[in-house]
Structures are given as structure tokens and as C-alpha cells.
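Me: I'm new to this one. Could you take a close look at the salt bridges for me and walk me through them?

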Amino acid sequence: PIFFQTPRIRDEQRPVLDVSLGGLRVYSDDGFDVGERIQLELLLPPDGVEVSALARVAWVRPLPAGGPELYDVGFELLIVDGDGLKHLGRALDDSIE
């Protein structure tokens, strides 16, 4: 699995539910505002490569009471540092095999 963290939740790695080279979807108890820009860290399998990215909150949907978290959140990746897209692409390819 791919994990993410933000400065708000730096001590906690949370799983990414859906990911592509253009964005990701996560569950979160943190309230984000649509349009807000967030610095994310993605932790990629198999060796935990860290990829830093600037993302924009594309959408936020409340989850039903008793769900895994409070919100379902979509992030659009705006800027991925260094070779991050290459590493992310490799992790996605490996997950398909």
C-alpha cells in the first residue's frame, strides 16, 4: 500500500485509497477546504521511498457516522518534487503486476 502524511498529521501515516499520477483519494478526520493547497509526503512500496508533492484539495465528502474517518478527500497533484512521478509510476506499475 501507499501511505501519505501532511504537516497536520506528521506523526501519522495514513493509507491512500486510490492513486494515479494526477491525484489521490484518502479518508481523513481532518477537515480540508476545497481549493486549499497542501504539502504531502507519499511513502511508496516496497522500500518506503518518500515523494514530496504540492497538492490541491479537489473535493471533500463527509462519510456516514461510524465510518472509518470523518471525510473522503480527493487531492490533485500540482507539483511533484524531483523524480517523484517516476517513483510513483513505478509503484503503480508494481501494484498491477
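Reply: Sure, starting with the term itself: a salt bridge is a side-chain nitrogen of Lys or Arg within 4 Å of a carboxyl oxygen of Asp or Glu. This is a predicted model, where local features need pLDDT of at least 70 and side-chain atom pairs count only at pLDDT 80 or more, while totals for chains, interfaces and linings use all residues. Residues are numbered from 1 along each chain as its sequence is written, and side-chain values use heavy atoms, with hydrogens and water left out.

The structure has 4 salt bridges, and one of them joins Arg56 to Glu76, with 3.0 Å between the closest N and O atoms. Arg56 belongs to strand β5 (residues 49-62) and Glu76 to strand β6, so this pair ties together parts that are 20 residues apart in sequence. Strands here are DSSP runs (E, at least two residues), numbered from the N terminus.

How open are these side chains? Buried means under 20% relative accessible area, exposed over 50%, and partly exposed in between (1.4 Å probe, protein chains only). Arg56 is partly exposed at 25%, and Glu76 is partly exposed too, at 31%.

Another salt bridge links Asp72 and Arg25, at 2.9 Å from N to O. Asp72 sits in strand β6 (residues 71-80) and Arg25 in strand β3 (residues 23-28), so the parts they tie together are 47 residues apart in sequence. Asp72 is buried, at 7% relative accessibility, whereas Arg25 is partly exposed at 24%.

Then there's Lys86 with Asp83, whose closest N and O atoms are 3.6 Å apart. Lys86 is partly exposed at 47%, and Asp83 is partly exposed at 47%.

Conventions
Helix = DSSP H or I, 4+ residues; strand = E, 2+ residues; numbered from the N terminus.
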